[in-house]
Amino acid sequence: MAALLEASTDPAYGAAVVAVGADREGTEGIARAERAGFATFVTPFSKFADRAEWNAELAERIGAYEPDLVVSAGFMRLLGPEVLNRYTVINIHPALLPAFPGAHAVRDALAYGVKITGATVHIVDEGVDTGPVIDQVAVRVEPGDDVASLHARIKTVEREMLVDVVGRLAREGWTLRDRDVRLGSGPASTHE
């Protein structure tokens, strides 16, 4: 998220961050955004009776900022139809989806013994890391890698890829047909 905040300060980037939100108090992401002068909000999951109620409130909180795109970076909650039917949401994931979805992708890739893993930016749907892929970057698993060392290298490519993809979505537009996401379709997004 820090890389997006920084990139958005350049007018040539083409995308502006309108707010940063979180599902719990005291996150470094919220603190960093506040220090940089960005609007923030927190919608604590624990304050709601169920997931649908939380998603409905989250959708309203997001809507107050009228975003064209919602970027999930380090946000570890499943979003429901209350959010996903109102907004296009993209997510960054530390694996080459559809391999190794979920919260332990780096650990799972190492345990499986893959030689190449990576990062994926995808459109969020109601599944766990099952949405259409926008872009992917491969990262080689090095001898002696552990979760921390591999994840550190993946995070480096994630930051670059997320900044690139968000900027391109904003500047060039995109289309989605079935599961095929195409960048560069013009200024407006299209869902066919």
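**Close-up views of a predicted model**

**View 1. Asp 145, a buried partner in a salt bridge.** With a relative accessibility of 16%, Asp 145 counts as buried, in a model that is predicted throughout. Its salt-bridge partner is Arg 153, and the closest N and O atoms of the two sit 2.6 Å apart. Arg 153 has a relative accessibility of 28%, so this end of the pair counts as partly exposed. Salt bridges can also share partners: Asp 23, Arg 24 and Arg 77 are joined that way into one network. Counting up by the rule used here, there are eight salt bridges.

**View 2. Glu 60 and Arg 86, a link between distant parts of the chain.** Here Glu 60 and Arg 86 form a salt bridge, with 2.7 Å between the closest N and O atoms. The two residues are 26 apart along the chain: Glu 60 belongs to helix α3 (residues 51-63), while Arg 86 is in the loop between α4 (81-84) and β4 (89-93). How accessible are they? Glu 60 has a relative accessible area of 48% and is partly exposed, and Arg 86, at 44% relative accessibility, also counts as partly exposed.

**View 3. Glu 28 and Arg 35, another salt bridge.** Look for the closest N and O atoms of Arg 35 and Glu 28, which are 2.6 Å apart in this salt bridge. Arg 35 reaches 58% relative accessibility and therefore counts as exposed. Glu 28 comes in at 43%, so it counts as partly exposed.

**View 4. Helices α5 and α6 crossing.** Helix α5 covers residues 105-112 and helix α6 covers residues 147-172; their axes come within 10 Å and cross at roughly 120 degrees. That makes the two helices oblique to each other. As for handedness, α5 passes α6 in a right-handed crossing. On the α5 side, the residues making the contact are Val 106, Arg 107 and Leu 110, and on the α6 side they are Val 147, Leu 150, His 151 and Ile 154. Sort the contact by class and you get five nonpolar residues, one polar and one charged.

**View 5. Val 137 and its neighbours.** Val 137 is part of strand β6, which spans residues 133-140. Which residues does Val 137 touch, once those up to four places away in sequence are set aside? They are Leu 96, Thr 117, Gly 118, Ala 119, Val 157 and Met 161. Even with these contacts, Val 137 has 27% relative accessibility and so counts as partly exposed. For a sense of distance, try Val 121: it is 16 residues from Val 137 in sequence, and their C-alpha atoms are 9.1 Å apart in space.

**View 6. Pro 98 and Phe 100 in the loop between β4 and α5.** Pro 98 is found in this loop, and the peptide bond leading into it from Leu 97 is cis, with omega near 15 degrees. Phe 100 is in the loop between β4 and α5 too. Its phi is near 55 degrees, a positive value in a residue that isn't glycine. Is Phe 100 buried or exposed? With a relative accessible area of 17%, Phe 100 is buried.

**View 7. Asp 178 and its positive phi.** This view takes in the loop between β7 (174-177) and β8 (180-183), where Asp 178 lies. Asp 178 is not a glycine, yet it has a positive phi of about 55 degrees. At 68% relative accessibility, this residue counts as exposed.

Notes:
Residues numbered from 1 in each chain as written. Predicted model: local features only at pLDDT ≥ 70, side-chain atom pairs only at ≥ 80, totals over all residues. Heavy atoms only, no water. Axes fitted to C-alpha atoms, helices over the stretch in contact; angles between N-to-C directions. Helix = DSSP H or I, 4+ residues; strand = E, 2+ residues; numbered from the N terminus. Parallel < 35°, antiparallel > 145°, perpendicular 65-115°, else oblique. Left-handed = near helix turned anticlockwise from the far one by under 90°. Contact = heavy atoms within 4.5 Å. Nonpolar A, V, L, I, M, F, W, Y, C, P; charged D, E, K, R; others polar. Salt bridge = Lys/Arg side-chain N within 4 Å of Asp/Glu carboxyl O. Buried < 20%, exposed > 50% of the residue type's maximum accessible area, 1.4 Å probe, protein only.
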